[in-house]
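Reader: I am new to this structure and would be grateful for a close look at one part of it. Which residues line the second largest cavity, and how is the rest of the chain arranged?

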Amino acid sequence: MQFSLYVKQRSMDDTNAIPQPKDEKRTKPTKSFYAYQTASPDAYGLLKANARHNRKQPTRAEAVLWDELKGKRLGVRFRRQHVIGEYIADFVCLDCRLVVEVDGKYHDAAQQQENDQIRTQWLNANGFTVIRFVNEEVIGATEAVVKKIRDELTTKLNENRASKY
């Protein structure tokens, strides 16, 4: 399954607007938005419900990290518990294609580590970089975690700038 990524211009009030003649000026404002779906259409309903539940009941580590990421505190917008494909990312910056995962104790189990590896490979294959932290690291060394995220963002932003030229 492949997901295409692109930005599309769309009228703010009507997605099926009739094209205007070229000599008339556009009177309705347009808005750039991401016109891609990061979710698998067949599983989206269930995944969205799970993501909503996770947002309402975050782990302590997720709540601590969200306080550091929300509101563009690092200069970019992060989403939390965002559906990508058949997965729910703890945090994602779509502009930089960076996924941040906060792992609890159950990620120590062999089967879960294998699942995490498959998930990371899928995200990488679809253009996302994944960085992982354990709960204790987020709670006990929040500043170090934020610095690692900031460093990765800087790298990604520099790559984006370099690829434009």
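Author: The second largest cavity is lined by Asn-54, Arg-55, Pro-58, Glu-62, Trp-66, Arg-80, Gln-81, Asp-90 and Phe-91. A cavity here is a set of points, on a 1 Å grid over the protein atoms alone, where a 1.4 Å probe fits but cannot get out, and lining residues have an atom within 4 Å of a point. The model is predicted: local features need pLDDT of at least 70 and side-chain atom pairs count only at pLDDT 80 or more, whereas totals for chains, interfaces and linings use all residues. Residues are numbered from 1 along each chain as its sequence is written, and side-chain values use heavy atoms, with hydrogens and water left out.

Rolling a probe the size of a water molecule over the atoms shows where empty space is left. In the whole structure, the search finds 2 cavities of 30 Å³ or more. The second largest of them holds about 40 Å³ of space, a volume being the space filled by probe spheres set on grid points that are joined across faces, edges and corners. Its lining consists of 3 nonpolar, 2 polar and 4 charged residues; Ala, Val, Leu, Ile, Met, Phe, Trp, Tyr, Cys and Pro count as nonpolar, Asp, Glu, Lys and Arg as charged, and the others, Gly among them, as polar. At least two lining residues come from each of helix 1 (44–56), helix 2 (60–69), strand 3 (79–84) and strand 4 (87–93). Helices (H or I, at least four residues) and strands (E, at least two) are DSSP runs, numbered from the N terminus.

The loop between helix 1 and helix 2 contains Thr-59. Thr-59 is partly exposed, with 35% relative accessibility; buried means under 20% relative accessible area, exposed over 50%, and partly exposed in between, with a 1.4 Å probe and protein chains only. From Thr-59 to Val-102 the C-alpha distance is 9.2 Å, across 43 residues of sequence. Val-83, in strand 3, is buried at 7% relative accessible area. Its C-alpha atom lies 9.9 Å from that of Ala-43, 40 residues apart along the chain.

Two loop residues deserve attention for their backbone. Most residues other than glycine have a negative phi. Lys-72, in the loop between helix 2 and strand 3, has a positive phi of about 55° and is exposed, with a relative accessible area of 54%. Arg-97, in the loop between strand 4 and strand 5, also has a positive phi, near 55°, but Arg-97 is buried at 16% relative accessibility.

The chain as a whole has 5 helices and 6 strands, which follow the order β-β-α-α-β-β-β-α-β-α-α from the N terminus. Of its 165 residues, 35% are buried.

The largest nonpolar core, a set of buried Ala, Val, Leu, Ile, Met, Phe, Trp, Tyr and Cys residues joined through side-chain atoms within 4.5 Å, has 20 residues, and Leu-65, Phe-78, Val-100, Ile-149 and Leu-153 have the most contacts inside it. Helix 2, strand 4, strand 5 (98–103), strand 6 (129–134) and helix 5 (142–164) each give two or more residues to this core. Leaving aside residues up to four places away in sequence, Leu-153 touches Leu-74, Val-76, Phe-78, Cys-93, Cys-96 and Leu-98, contact meaning heavy atoms within 4.5 Å. A second, separate core of 8 residues includes Ala-89, Leu-94, Val-99 and Leu-123.

How values were computed. 1 Å grid on protein atoms, 1.4 Å probe; cavity = no way out; pocket = protein on both sides within 12 Å on 5 of 7 lines; lining within 4 Å.
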